[in-house]
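Open the model in your viewer and keep the selection panel at hand. Two stops follow.

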There are 2 protein chains.
Amino acid sequence: MKERDHPATLVDVARAAGVSPSTVSRIMNGTARVADAKRQAVLAAIERMHFAPNQMARSLKKGCTMTVGIVVQDISSPFFDETLRGVDDALLGTGYTSVVVSGHWNADEEADRIRLLLARKVDGIILLTGRMSDDTVLQFARERPIVATGRQLRSPGAVGFKVDNEHGAFIATRHLIDAGHRRIAFITGPAASSDANERLAGYRRALRSAGIDADHELIVEGDFHEHSGQRAIEHLLAHGIAFSAVFAANDLSAYGARLALYRHGVRVPEDVSLVGFDDLPGSMYTAPPLTTVRQPLYDLGRAATKALLSLLGRARPDDVVPPVELVVRETTRCVN
Amino acid sequence: MKERDHPATLVDVARAAGVSPSTVSRIMNGTARVADAKRQAVLAAIERMHFAPNQMARSLKKGCTMTVGIVVQDISSPFFDETLRGVDDALLGTGYTSVVVSGHWNADEEADRIRLLLARKVDGIILLTGRMSDDTVLQFARERPIVATGRQLRSPGAVGFKVDNEHGAFIATRHLIDAGHRRIAFITGPAASSDANERLAGYRRALRSAGIDADHELIVEGDFHEHSGQRAIEHLLAHGIAFSAVFAANDLSAYGARLALYRHGVRVPEDVSLVGFDDLPGSMYTAPPLTTVRQPLYDLGRAATKALLSLLGRARPDDVVPPVELVVRETTRCVN
DNA sequence: CTGTTAGCGCTTTCAG
DNA sequence: CTGAAAGCGCTAACAG
């Protein structure tokens, strides 16, 4: 009871069942037909000894680990978690296990983590919204297949999935315009994020196409986190910049904006309309529920995984990622 | 460019540098002093060939994989994610990597996942809030060290961390009572969850100690998810059961309760006070910010990890988990 | 200080 | 159908 159990090895089983190691291996893998008597004996021994093959050894031999590496940027962000759920579900029953590491929004750390995964001999990599250059990704892809989200990529060994941010932002802004809003504030994402910039572009295009001059005062900097949304609203209010609607570059900053509005007694949607981007799981339960641009995070994770599996020769990349769509809930309202 | 790069092996490096494999190994691991000339040659070769040792092979040889397995129940729940963040941070720089799997709140699946981890030869396991019996945990602990949260456990090879749910619920309820509330509804968690039941017990004790009769109509069933909180409030309202405060067994169900209240025009905190349990990262940004019992999720993850590392002989379990505490924000209010 | 020699536990020819 | 034997890539005695 004191010392650790020493797990049985395949050789132990073979000995116990009175057969050769190869026979046990063959039974474990269904590699070849085996006489029924021996098969029974081996199965019994496996059962009795609680034998589980050492994956480490098997991997070393076969050259593949049945493991995929997932690189996220923040291990506790609903954005990544929802995508991870898609990944996880797609992996279920395939025999693959995932190991997830975080790049913490830092290109160097990201590369380090990928090197770590490579040293651990993952069979493939899924990179979620990385900061590193496409070239670097392609470089890594020479060693192992990579599928990345948030970028366009198409080369043997690397595929990318990208959501139409510009369009999403366009329809969100247009929704606000259609509702009669003219002074629509925009809370940006980090300047370095292409997702964020594309959303800004969509916002601008919608304004332009409606013949509304973009007032640069209405564009306030944010960083995709709650607090920045809150600060953005404080800024607008403090400077007396009028607005009847706010479009936040992501849901998290919309949450922050909502709080700041609440604190200042500005009602949503009665006084100000609010739209987010992402449609995080929680956005359905804010009070009031948030109108937002739905990004198919779960499906994205799923599709990325399927694509990787297909790169690994295990499946077809059947899944099509649904497009972004506006989901109108209760934070927007007509003015007239 | 077409075919995959075949990573260099230690033997390749040795050959290129004109030394024996052992020498390369010694340099990689700092296992012994090596003549400077050879060291330089080897280092150069490593650099040039982009050599990274195959962790798989190393693990097979050394019998340890420098990997720990983490079992969660829901891969995209803020509750687990916050804990995971603590785990991740504690692992940083230790050389250990984590692989996280989900038991999906199901004892059998949980056991399966643990067996998977064991087959992959993780060095240790962290089990977050499992459903399986303590005995089963102890059984697995015979093979590899396990640290579990949400249960008391103390045996060589297994340690548990448990938060004082009863006390947390007690102080939350007492806070409401002190604010003058008498009809305090309680939204339970799943009947099978000991965390949930302990919270119910704390609620009851607070009522009792204040001389308030517990009205069983005020105790409504929930399941820790948003929707159940919403339904609980609908139920109360539909049946005309009066209450001036709600204590939800966790933050998620408090969010749902908040939404239902909003939908029915019941103001929080003006008409009804609301308290949650957990203090998820988002609870600070709800409108209004949620009063809740803070559970030190991050620290719990950290402490569990430290404890595991110490079981692995790598560190002392220095961290003490801070106790639960009430954080009063803006969803509660005095009645009088 | 450094090379040689055995394996870690499993899979896979290659004979039989 | 089945066993013997040869490694996968690395580390750890054991001799020099």
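The tour goes to a DNA strand and then to a pair of helices.

This is a predicted model: local features need pLDDT of at least 70, side-chain atom pairs count only at pLDDT 80 or more, and totals for chains, interfaces and linings use all residues. Residues are numbered from 1 along each chain as its sequence is written, chains are lettered from A in the order written, and side-chain values use heavy atoms, without hydrogens or water.

**Stop 1: DNA strand C**

Select the 24 residues around DNA strand C (a heavy atom within 4 Å of the strand). Leu10(A), Ser22(B), Arg26(B), Ala35(B) and Lys61(B) come nearest. Sugar and phosphate make up 61% of the strand's atoms within 4 Å of the protein.

Now show polar contacts (N or O pairs within 3.5 Å).

- Arg26(B): a polar side-chain atom sits 2.7 Å from a base nitrogen.
- Arg58(A): a side-chain N or O atom is 3.1 Å from a phosphate oxygen.
- Ala57(A): a polar backbone atom is 3.3 Å from a base nitrogen.

Which element gives the most to this surface? H4(A) does, with 4 residues (helices are DSSP runs of H or I, at least four residues, numbered from the N terminus).

**Stop 2: H10(B) and H11(B)**

Select residues 226-238 and 251-263 of chain B. These helices pack at about 45 degrees, axes 6 Å apart (axes are lines fitted to C-alpha atoms over the stretch in contact; angles run from 0 to 180 degrees between N-to-C directions). H10(B) is therefore oblique to H11(B) (not under 35, over 145 or 65 to 115 degrees).

Label Ile233(B) and Glu234(B), among the H10(B) residues that meet H11(B) (heavy atoms within 4.5 Å).

How values were computed
Polar contact = N/O pair within 3.5 Å; in protein donor to acceptor, adjacent residues only side chain to side chain. Helix = DSSP H or I, 4+ residues; strand = E, 2+ residues; numbered from the N terminus.
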